[in-house]
Amino acid sequence: MKKITASVLALFLAAILSGCFNTPSEGASEATGSDKSSFEGSEAPGIEVVVVEEGKLAEIKSGEYTVKSGYTVLVNGKLRCEKDAEIVVEDGGELLVNGELEVSGELLLEGYLAVSDSASVCGTGTVLVNEFDDINCEGRFTAKITPPEPVVTNGVTTVGGVIIVNKAITISPDYGNGLTAETEAALERMRRASGYEMPVISGFRDYETQVAVFENWCTKNGIEEAERFSSRPGHSEHQTGLTVDVTSTADDFAYTDEARWIGDNCYKYGFIVRYPKGKEEITGYIHEPWHLRYLGESTAKLVHDSGLTLEEFLGVEGGDYRDEYVFSRSNT
Ligand SMILES: [Zn+2]
């Protein structure tokens with residue numbers, strides 16, 4: 001939620017420029033000593049930006065290190081948070097990673113975390129996230145993310161600001177009124193980059209439409225088969241306005257160059273293939289290479305890098321429905 005201010009950005013750039021010319025040949029232990037003291041300096045009044053210079057290592061061996069509101073920690077070198085240590089980025093604080101952040105303990109993120117495209121966040125520890133909007137990740141993120149608990153507001157479930165709908169989690173019948181502007185803009189960017197037309201076969205569907213769509217599939221295929229690819233009303237991700245089916249929903253679409261391009265690249269434009277191959281027991285649906293869910297570029301990249309389904313990434317329940325479907329009409 002906290003955006004980088006212009007003045008901080010200027011300092012960020014100045015720090016990068018000055019950091020570029022340091023020779024990275026110093027021994028790690030030597031560098032640790034000197035950087036550790038400057039690191040603790042962020043607690044001192046009047047210092048707003050703390051820099052771990054390129055080629056240097058700073059370590060937090062134990063206890064808690066806090067990036068306070070109004071402070072920015074810039075990591076051009078390497079910052080290591082050991083197993084018994086914790087970094088707390090307070091609301092209004094910023095941790096900008098241009099080098100490497102190794103989390104073996106915990107990183108509690110209430111403020112802002114930016115990871116530039118050549119940077120990485122790694123380690124065996126965990127990053128406890130409050131809102132996924134607090135992260136701007138362009139680089140590699142292999143540390144475990146621990147999401148917050150799901151929150152239900154007006155019949156809509158979110159985890160860290162990310163809407164989740166599946167066979168176990170419903171969405172309020174009156175939610176949604178079309179594809180969001182962000183989803184449409186991102187799809188347009190992806191189309192241009194890919195060279196494929198990617199027509200929208202199905203975009204936003206409201207609750208009433210989903211009643212008709214689902215019951216029609218049940219009439220054609222029987223409910224058991226229909227439920228493997230079509231959602232009951234109140235369970236469709238298409239109602240979020242963040243989901244599109246593109247190009248073709250035919251079985252052989254998966255084997256086209258276009259589907260492969262989408263699978264490899266859609267995260268760069270903020271989308272994920274929501275129902276990946278071999279994950280039916282978790283997502284509740286067969287592989288649908290055409291069904292794309294918009295998450296925003298940073299969150300889509302985090303999910304992509306994690307190799308997890310959205311259910312696993314957000315730590316929510318998934319799988320099959322919990323009850324029997326009651327038809328709205330007399331067709332069975
Ligand atoms: Zn779909």
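## Parallel strands and their pairing

In this predicted model, strand β3 (residues 72-75) and strand β5 (residues 94-97) run parallel and are joined by 4 bridges. Within this pairing, Leu74 has Leu96 of β5 as its bridge partner. Both strands belong to an open sheet of 5 strands, arranged in the order β1-β3-β5-β8-β11 with parallel pairing. The edges of this sheet are taken by β1 (49-52) and β11 (135-137), and because each of them has a single partner strand, one side of each is left without a neighbour in the sheet. On average, and with direction ignored, neighbouring strands here are turned by 10 degrees against each other.

A further set of parallel pairings involves strand β4 (residues 78-89), which is joined to strand β6 (residues 100-103) by 4 bridges. Strand β6 also pairs in the parallel sense with strand β9 (residues 120-122), in this case over 3 bridges. Glu102 of β6 appears in both pairings, since Arg80 stands opposite Glu102, while Glu102 in turn stands opposite Cys122 in β9.

## The antiparallel sheet and helix α3

An open sheet of 4 strands follows the order β17-β18-β20-β19, and its pairing is antiparallel. Its edge strands are β17 (200-202) and β19 (271-273), each of which pairs on one side only. Neighbouring strands of this sheet are turned by 45 degrees against each other on average, again with direction ignored.

Inside the sheet, strand β18 (residues 243-246) and strand β20 (residues 291-294) run antiparallel and are joined by 3 bridges, and the bridge partner of Val244 in β20 is Leu292. Helix α3 (residues 181-194) packs on this sheet, where the helix touches β18, β19 and β20, and its direction makes about 120 degrees with that of β20.

## The nonpolar core

The largest nonpolar core holds 71 residues, of which Val97, Cys266, Phe271 and Ile272 touch the most other members. Both domain 1 (6-146) and domain 2 (151-314) contribute at least three residues each to this core. As a general tendency, nonpolar side chains in soluble globular proteins are buried together.

For Ile272, the contacts beyond its neighbours within four places in sequence are with Cys266, Tyr267, Arg293, Leu295, Ala300, Val303, His304 and Leu310. Among these partners, Ala300, Val303 and His304 are also listed as buried residues of helix α8.

## Helix α8 and its surroundings

Helix α8 is mostly covered, with 7 of its 10 residues buried; these are Ser298, Thr299, Ala300, Lys301, Leu302, Val303 and His304. The elements that cover the buried residues of α8 include β11, β12 (140-141), β13 (144-146), β16 (162-163), β19 and α9 (310-314). Directly after the helix comes Gly307, whose phi is positive, near 70 degrees.

Asp305 also lies in α8, which spans residues 297-306, yet Asp305 counts as partly exposed because 17 other C-beta atoms lie within 10 Å, where a buried residue would need 20 or more. Leaving aside neighbours within four places in sequence, the contacts of Asp305 are with Arg140, Phe141 and Thr142. Asp305 and Gly139 are 9.7 Å apart in space, C-alpha to C-alpha, although 166 residues separate them in sequence.

## Thr66 in strand β2

Thr66 is part of strand β2 (residues 57-67) and counts as partly exposed, because there are 15 C-beta neighbours inside 10 Å. Beyond the neighbours within four places in sequence, Thr66 is in contact with Val88 and Glu90. The C-alpha atoms of Thr66 and Leu108 are 9.4 Å apart in space, with the two residues 42 apart in sequence.

## Confidence of the model

The protein has an average pLDDT of 88, and 84% of the residues score at least 70. Over residues 1-47, however, pLDDT stays under 50, and for this stretch the model has 57 contacts beyond four places in sequence. Where pLDDT is low, the predicted coordinates should not be read in detail.

Conventions: Residues are numbered from 1 along each chain as its sequence is written. This is a predicted model: local features need pLDDT of at least 70, side-chain atom pairs count only at pLDDT 80 or more; totals for chains, interfaces and linings use all residues. Two strands pair if DSSP finds at least two bridges between them. Helices (H or I, at least four residues) and strands (E, at least two) are DSSP runs, numbered from the N terminus. Axes are lines fitted to C-alpha atoms, for helices over the stretch in contact, and angles run from 0 to 180 degrees between N-to-C directions. A nonpolar core is a set of buried Ala, Val, Leu, Ile, Met, Phe, Trp, Tyr and Cys residues joined through C-beta atoms within 7 Å. A residue is buried if 20 or more other C-beta atoms lie within 10 Å of its own, exposed if 12 or fewer, and partly exposed in between; C-beta atoms are placed from the backbone. Domain bounds come from an automatic or database domain assignment. Two residues are in contact if their C-beta atoms, placed from the backbone, lie within 7 Å. pLDDT is the predictor's confidence in each residue, from 0 to 100.
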